[in-house]
Amino acid sequence: MSTRPRARLAALAGGAVLLGGAAALSLMGSRGGDRPEAGRPTLAAAPSPPSPSRSSAPLQGGMDARALGLRLLTLPDPGEVRAGMTSLAEAAERGDVEAQIALGRVYLKGVPAVPRDAARAREWLLRAAPSRHPSAAYFLGVMSQNGEGTRADPAEAARWFEIAAQGGSPDAMFLLANAYRAGAGVPKDDRRAVALYESAGELEHPAALQALAMAYLHGELGLEPSEAENRRYMMEAEHAITHRRAPP
């Protein structure tokens, strides 16, 4: 690490926990409020995917390397961004699951100072996978679905989406519902698709609510046509768009 980034590290250490706005939060993802409430359709238990044996214990004591790393990633200087990646890697190597996921997301999307690298993104997300963190499972599912860093595999994607849905991710519920609707990687099952759309809709997922609205309009997915239900779900979708939570 160069002299300049080291000086910046010292200056930022005291306020590292005050992460810089939406950029830092979007890298970490969120689990708050994502847990399904009682009374929602029960999601079937998902098979545990193969994953490396890594500790998922949080970082203990000393400077919060993850928070500092995320703070540095919001700064404009490329050297500071690279120093932030180094700080995140230190936390990740010590078993910090959130840091592992943050690294995976940075490499998956890329930033000006850090080129996109799907293989490295998948490696870090797989390290977080034993924790069954919904964000790690969701992004692994997306990568398996799209063939990023691995070959495209609808069945593998569905397995990851199942884990993320169990963890409360509405985005994963929606993509898993699409899979059951199309029979992509899982047996075609309209009732299961509807249950997943409803679970995602209760978490204000706009696309899931729109899918239900259109299903009631055209009598799809085993649902009886209903103009009233179509209107209700369209109104809920319009409301959800204005209250859309950040992606996982």
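Here are some questions and answers on how the helices and side chains pack in this predicted model.

Q: Which residues touch the most other members of the largest nonpolar core?
A: That core counts 66 residues. The ones touching the most other members are Tyr138, Phe161 and Tyr197.

Q: Leaving out residues up to four places away in sequence, what does Phe161 touch?
A: Start with the exposure: Phe161 has a relative accessibility of 1%, so it counts as buried. Its partners beyond the local stretch are Tyr138, Gly141, Val142, Gln145, Ala172, Leu175 and Leu176.

Q: How is the ring pair of Tyr138 and Phe139 arranged, going by its centres and planes?
A: The structure has four aromatic pairs, and here's one of them. The ring centres of Tyr138 and Phe139 are 5.1 Å apart. Edge-to-face needs planes over 60 degrees apart, and these sit at 75°, so the pair is edge-to-face.

Q: Are Tyr138 and Phe139 buried or exposed?
A: The cut-off for buried is under 20% relative accessible area. Tyr138 comes in at 13%, and Phe139 at 7%. Both values fall under that cut-off, so Tyr138 is buried and Phe139 is buried.

Q: What is the angle between the ring planes of Tyr138 and Phe161?
A: Tyr138 pairs with Phe161 at 6.3 Å centre to centre. This pair is classed as tilted, with the planes at 45°.

Q: How many residues apart are Tyr138 and Phe161?
A: The pair links distant parts of the chain. Tyr138 belongs to helix α7 and Phe161 to helix α8, with a separation of 23 residues.

Q: Which residues do ring pairs link into a cluster?
A: Tyr138 pairs with Phe139 and also with Phe161. Those ring pairs give a cluster of Tyr138, Phe139 and Phe161.

Q: Why is helix α6 described as largely enclosed, and which helices do its buried residues pack against?
A: α6 runs over residues 118-128, and eight of its 11 residues are buried, so the rest of the structure largely encloses it. Those buried positions are Ala118, Ala121, Arg122, Trp124, Leu125, Leu126, Arg127 and Ala128. They pack against α4, α5, α7 and α8.

Q: Which residue's side-chain oxygen reaches the backbone nitrogen of Ala119?
A: Look at the start of α6, where a side-chain oxygen comes within 3.3 Å of that nitrogen. The oxygen belongs to Asp117.

Q: What is Arg122 in contact with, apart from its neighbours within four places in sequence?
A: Arg122 is in helix α6. It has a relative accessible area of 17%, so this arginine is buried. Its contacts further along the chain are Leu140, Met143, Glu148, Gly149, Thr150 and Glu156.

Q: Which ring does the charged end of Arg127 sit over?
A: Arg127 is one of the buried residues of α6, and so is Trp124. The charged end of Arg127 is 4.5 Å from the centre of the ring it sits over, that of Trp124.

Q: Which ring has the charged end of Arg232 over it?
A: This charged end lies 4.4 Å from the ring centre. The ring is that of Tyr233.

Q: Which residue caps the N-terminal end of α4?
A: α4 has 16 residues and reaches 22 Å from its first C-alpha to its last, close to the 22 Å expected. At its N-terminal end, a side-chain oxygen lies 2.8 Å from the backbone nitrogen of Gly79. The capping residue is Asp77.

Q: What is the phi of Gly95, which follows α4?
A: Gly95 comes after the helix and its phi is positive. The value is near 95°.

Q: How far apart are the end C-alpha atoms of helix α11?
A: Helix α11 covers residues 206-218, which makes 13 residues. At 1.5 Å a residue the expected span is 18 Å, and the end-to-end distance agrees at 18 Å.

Q: Which helices are included in what covers the buried residues of α11?
A: The buried residues include Leu209, Leu212 and Tyr216. Their cover includes α9, α10 and α12.

Q: Is Leu221 buried or exposed?
A: Leu221 lies in the loop between α11 and α12. Its phi is positive, about 60°, although it isn't a glycine. Its relative accessibility is 9%, so Leu221 counts as buried.

Note on methods. Residues are numbered from 1 along each chain as its sequence is written. This is a predicted model: local features need pLDDT of at least 70, side-chain atom pairs count only at pLDDT 80 or more; totals for chains, interfaces and linings use all residues. Side-chain values use heavy atoms; hydrogens and water are left out. A nonpolar core is a set of buried Ala, Val, Leu, Ile, Met, Phe, Trp, Tyr and Cys residues joined through side-chain atoms within 4.5 Å. Buried means under 20% relative accessible area, exposed over 50%, partly exposed in between (1.4 Å probe, protein chains only). Contact means heavy atoms within 4.5 Å. Helices (H or I, at least four residues) and strands (E, at least two) are DSSP runs, numbered from the N terminus. A polar contact is a pair of N or O atoms within 3.5 Å; within protein, one must be able to donate a hydrogen and the other to accept it, and residues adjacent in sequence count only if both atoms are side-chain atoms. The expected span of a helix is 1.5 Å times one less than its number of residues. Rings of Phe, Tyr and Trp (its six-membered ring) pair if their centres lie within 6.5 Å; planes under 30 degrees apart count as stacked, over 60 as edge-to-face and the rest as tilted. A charge sits over a ring if NZ of Lys or CZ of Arg is within 6 Å of the ring centre and within 35 degrees of the ring normal.
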